[in-house]
Amino acid sequence: SCGATFEKIDDARAITNLSSGKMGLRIADEAYALGANVTIIYGRTEKLPPSGINCIYAPSHSLMSKYVKENAKNNDIFISVAAISDYIPKTISGKLKKGNNRLSLELEQSSDILLETTSEFNNLFCVGFSAESENIIKNAQAKLKNKHLDMIVANFINDSMGQNSAEIYIIDKNEVIHIPKKSKKELASNILQHIYKLENKRGSTHEHIN
């Protein structure tokens, strides 16, 4: 999954986030080039997904949840890169009119799609992403444990979101690997190599494609 979801406030406005979808698209590209059967479920992105890949547009939290779960049972690996809305506004029919100097929005916490997926589909090797502003490794390790992930990729949010390159940490239950700033295409390769390494350790029978 990749890109940003957006949630309607009224018929003219929505709340979203600053994710560009670049990292997820690069991972999909690299996996496809290695011979994987790739399905990409995407929200708002700066570029369209690459051709030749099964693409499903999921602009909202509810659609992202629906399509992730529909596809989870037919795949082996789930790489959750999408920046999915943590809070959803109570939608108003029509258009809010200007009035007072202040406007209050009622937001409800959304469900955790990644946690629901790891809990429901034990067959999946699940990879999460953790964009942080502080305590990057500690916060990512907490998510790795709490969301029952096999692996998580952590980065500093201000240095990565919307950029063409990033510095990341690849974290699993046994190690933390620091990867200095590289292009997201190079990082995608590093991430997929580590997934392959961990899959082999847990007894995967998937054939390696050179």
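L103 is exposed, with 60% relative accessible area, and that makes a good starting point for a tour of this predicted model. From there we can visit a surface patch, a helix with two contrasting sides, a buried serine and a few salt bridges.

**The surface around L103**
- L103 sits in the loop that runs between β6 (87-89) and β7 (107-109).
- Together with Y87, L105 and L107, L103 makes a nonpolar surface patch of about 400 Å².

**Helix α4 and its two sides**
- Helix α4 spans residues 136-146, and its buried residues are I136, A140 and L144.
- These three cover an arc of only 65 degrees around the axis, which puts them on the same side of α4.
- That spacing fits a general rule: an α-helix has 3.6 residues a turn, so residues three or four places apart point the same way.
- K138, K145 and N146 are exposed on the other side of α4.
- The cover over the buried residues of α4 includes three strands, β8 (125-132), β9 (151-156) and β10 (165-171).
- Just after α4 comes H148, which takes a positive phi of about 60 degrees.

**S130, a buried residue in β8**
- S130 belongs to strand β8, and its relative accessibility of 0% means that it counts as buried.
- The side chain of S130 joins that of E132 through a polar contact of 2.6 Å.
- Beyond its neighbours within four places in sequence, S130 is in contact with A140, K143, I152, V153, A154 and N155.
- A140 in that list is also one of the buried residues of α4.

**Salt bridges**
- The whole structure holds 9 salt bridges, and three of them are introduced here.
- K8 and D11 meet through their side chains, with 3.3 Å from N to O; K8 is partly exposed at 42% relative accessible area, while D11 is exposed at 52%.
- K66 and E70 form another salt bridge, their closest N and O atoms being 3.0 Å apart.
- Both K66 and E70 lie in helix α2 (residues 61-72), 4 residues apart, or about one turn of the helix.
- E70 is partly exposed at 37% relative accessible area, and K66 is partly exposed at 39%.
- K69 forms a salt bridge with E116, with the closest N and O atoms 2.5 Å apart.
- K69 lies in helix α2 and E116 in helix α3 (residues 113-120), so this pair ties together parts that are 47 residues apart in sequence.
- Both partners are partly exposed, K69 with a relative accessible area of 23% and E116 with 28%.

Conventions:
Residues numbered from 1 in each chain as written. Predicted model: local features only at pLDDT ≥ 70, side-chain atom pairs only at ≥ 80, totals over all residues. Heavy atoms only, no water. Buried < 20%, exposed > 50% of the residue type's maximum accessible area, 1.4 Å probe, protein only. Helix = DSSP H or I, 4+ residues; strand = E, 2+ residues; numbered from the N terminus. Arc of directions from axis to C-beta. Contact = heavy atoms within 4.5 Å. Patch = residues over 30% accessible without salt bridge, like charges linked within 9 Å, V, L, I, M, F, W, Y side chains within 5 Å. Areas by Shrake-Rupley, 256 points an atom, 1.4 Å probe, with all protein chains shown as cover. Salt bridge = Lys/Arg side-chain N within 4 Å of Asp/Glu carboxyl O. Polar contact = N/O pair within 3.5 Å; in protein donor to acceptor, adjacent residues only side chain to side chain.
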